[in-house]
Amino acid sequence: MSRAKSDEITIQFDGSTCIHARRCVLGLPAVFKPGTPGGWLFPENARAAEIARVIDACPSGALSYTRHDGGMGEQVPPVNTVRLWENGPNELRGDLWIDEAPTTRMLLCRCGQSKNKPFCDNSHVSAGFTATSEPETQDAQETEIGGDLTVTPLPNGPVKIEGHVEVIAASGRQVAVGEKMFLCRCGQSANKPFCDGSHTRAGFTTE
């Protein structure tokens with residue numbers, strides 16, 4: 001974990017989960033400067049509110065912040081969601097807990113090829129993984145609001161999520177609502193994004 005601090009804000013960066021979506025670089029290029037000798041974070045070059053807005057858009061949660069200006073910190077989304085990326089990972093946002101640690105944002109591998117399981121590391125690109133971000137809606141229901149969403153990667157199997165959650169297509173359309181789901185992460189399910197037991201037949205391992 002690396003940090004950079006100004007009078008108004010401290011930026012934290014966990015490179016182990018970053019997939020270089022570049023929303024930070026494109027959003028505030030004066031603050032986020034990859035490749036700069038001695039460090040790439042320059043929080044003194046923008047106001048805390050601007051930096052917080054850009055970091056909140058980071059899909060992986062690799063970037064986070066602590067404000068010192070009295071401004072509002074990152075807010076937990078009112079609805080826990082799993083958003084599907086076209087031919088890519090599952091983006092989770094909400095009151096998330098994984099390994100008893102809280103977060104609000106994460107990208108979970110669903111191609112089965114990541115070297116950083118359960119998190120995405122962009123291996124879906126080189127693997128030529130294909131999976132639609134617009135599957136059919138399954139029994140549309142009223143969205144349940146709030147509460148913890150526990151994320152548990154099962155050994156050699158899917159990711160179990162427990163708590164109120166809505167699965168949404170890339171467009172934002174509702175796909176499914178529930179309180180317990182199993183998300184495929186072997187890349188082989190015929191019912192993506194949900195597990196159908198293909199990991200057993202495929203000999204999928206998470207080691």
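Q12 sits in strand β2 of this predicted model. With a relative accessibility of 11%, Q12 falls in the buried class. From there the briefing moves on to the cores, helix α2 and the cysteines.

**Q12 and its surroundings**
- The Q12 side chain has a polar partner: the side chain of T66, at 3.4 Å.
- Setting aside residues within four places in sequence, Q12 also touches M1, S2, R3, A62, L63, S64, Y65 and T66.
- Why does Q12 count as buried? Its relative accessibility is 11%, and the cut-off for buried is under 20%.

**The nonpolar cores**
- The largest nonpolar core is made up of 21 residues. I11, F32, L41, I51 and L63 have the most contacts inside it.
- Four elements each give two or more residues to this core: β2 (9-13), α1 (23-27), α2 (48-56) and β3 (63-67).
- Of these, α2 gives the most, with 5 residues.
- Take F32 as a way into this core: it touches I11, C24, V25, W40, L41, I51, V54, I55 and L63, if you skip residues up to four places away in sequence.
- There's also a second core, separate from this one, with 19 residues. Among them are L84, I98, V175 and F194.

**Helix α2**
- The buried residues in α2 include A48, I51, A52, V54 and I55.
- Look down the axis of α2 and the buried residues fall within an arc of 165°, so they line one face of the helix.
- What covers those buried residues? The cover includes β2, α1, β3 and β6 (101-108).

**Cysteines**
- If you're hunting for disulfides, a search of the whole structure turns up 0.
- C58 has its closest cysteine sulfur in C18, but the two sulfurs are 6.6 Å apart, which is too far for a bond.
- C58 is also buried, because its relative accessibility is 10%.
- C111 is in no disulfide either; the nearest cysteine sulfur belongs to C109 and lies 3.8 Å away. For a disulfide, the two sulfurs would have to be within 2.5 Å.
- Buried or exposed, then, for C111? It counts as buried, because its relative accessibility is 7%.

Notes:
Residues numbered from 1 in each chain as written. Predicted model: local features only at pLDDT ≥ 70, side-chain atom pairs only at ≥ 80, totals over all residues. Heavy atoms only, no water. Core = buried A, V, L, I, M, F, W, Y, C linked by side-chain atoms within 4.5 Å. Buried < 20%, exposed > 50% of the residue type's maximum accessible area, 1.4 Å probe, protein only. Contact = heavy atoms within 4.5 Å. Polar contact = N/O pair within 3.5 Å; in protein donor to acceptor, adjacent residues only side chain to side chain. Arc of directions from axis to C-beta.
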